[in-house]
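Hi,

Here is the structure I promised to send over. Have a look at it first, and my notes come after it.

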Amino acid sequence: MMRAIRIRDVGGPDVLEPTDIDPPKPGDNDVLVEVSAAGVNYIDTYQRSGLYPVATPFVPGIEGAGTVRAVGSGVDGLAAGDRVVWKNALGSYAEHVVVPAHEAIPIPENVSDELAAALLLQGMTAHYLAVSTYPVQPGDWVIVHAAAGGVGLLLTQIAKLRGGHVLATVSTAEKAELATAAGADAIASYEDFAARATELTGGAGVACVYDGVGQATFQDSLEALRIRGTLALFGAASGPVPPVDPQTLNAKGSLFLTRPTLAHYTRDDDELRWRAHDLLRWAGDGTLDVRIGGRYPLAEARRAHEDLEGRKTTGKLLLLPA
Ligand code: NDP
């Protein structure tokens, strides 16, 4: 038997139930991994609440790092004992999880399991947003919402690496300090960021708003953009955005609105490994500062979700099985 978190019926954080179940068995193209750290992501809350449907019962969590214990008969290039990290294997809130072999990325020696698990999903999201969805250009002003969060701290750093100026939104003074330490050039509240954007850009507006907050920020995010600016709406921490009339984009300046998702920016192994290797290299050599804002015993997954949804957290949250 192994310890795991199980969801029998979707709902609030109280449906995250610690339990003992049989360990999963790897298929021919899978590896079985002993989890040393599972990453907590906002998507886990959407799956737990039913916003993103998953067949019940299920073990939540899609990200983690650990050591390969068994490999399927069709797997090349991975062996028992290898340390790997992954961002797409449902069942990661557990002592063992089955990971499709093509999703299991070897961890370099100079990166710990915790660092890798803290980095991969949110880091790849920050990478695709700043490098591909709207590639930040030197001198651009961009807005990063929830800049002290998991994605936000990494996105701020990557936008700065590309030569951009970042206007960051946060809800507290402590979070403002963290966003500034990550490189943010200016800080705004969720109420005044559009006005701050106008002021900072001499009336022009910003090149891109990276918006993972959703409902609460959407309208003002459109207001903050320059002509032909891009709104990259990548999440809904405050709730989903209602339907939009395309004519709005014309009236506000021939704007671009996109709703990207990580799966479409890691479409094949080459793209997945390009982004993952950039991130692991940057984390290993100190180019990126990866903040682990909270470590919770696996059995306390409920508290981790309460804290994340309660806006009490910064950086990355990890669940530790041992
Ligand atoms: P965060 O660590 O950023 O946590 C969410 C933050 O959102 C909070 O800390 C809070 O920061 C801010 N927030 C603002 N309004 C609210 C609200 N009403 N309720 C709760 N939080 C609010 O989480 P993640 O880094 O895991 O995820 C950030 C966003 O990125 C999420 O929307 C997630 O779904 C999305 N995402 C999208 C992906 C994609 O490919 N599309 C992939 C990965 C993540 P503050 O207190 O400063 O306001």
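Below is what I found on the two domains and on one tyrosine.

Keep in mind that this is a predicted model. The protein splits into two parts: domain 1 covers 2-120 plus 268-320, and domain 2 covers 122-263. Their C-alpha centres are 27 Å apart.

Where the two meet, domain 1 puts in 16 residues and domain 2 puts in 17. On the domain 1 side, two elements each give two or more residues: α2 (113-133) and α8 (269-284). Of these, α8 supplies the largest share, with four residues. If you care about the chemistry of that side of domain 1, the residues facing domain 2 break down as seven charged, six nonpolar and three polar.

The tyrosine I mentioned is Tyr265, which sits in the loop between β13 (256-258) and α8. Is Tyr265 buried, exposed or partly exposed? The answer is partly exposed, because Tyr265 has 18 C-beta neighbours inside 10 Å, while a buried residue would need 20 or more and an exposed one would have 12 or fewer.

As for what Tyr265 touches, leaving out residues up to four places away in sequence, the contacts are Tyr128, Ser132, Pro260 and Glu271. Val206 is another matter: it is 59 residues from Tyr265 along the chain, and the C-alpha atoms of the two are separated by 24 Å.

If you open the model, the loop with Tyr265, between β13 and α8, is where I would begin looking.

Cheers

Definitions and conventions
Residues are numbered from 1 along each chain as its sequence is written. This is a predicted model: local features need pLDDT of at least 70, side-chain atom pairs count only at pLDDT 80 or more; totals for chains, interfaces and linings use all residues. Domain bounds come from an automatic or database domain assignment. Two residues are in contact if their C-beta atoms, placed from the backbone, lie within 7 Å. Ala, Val, Leu, Ile, Met, Phe, Trp, Tyr, Cys and Pro count as nonpolar, Asp, Glu, Lys and Arg as charged, and the others, Gly among them, as polar.
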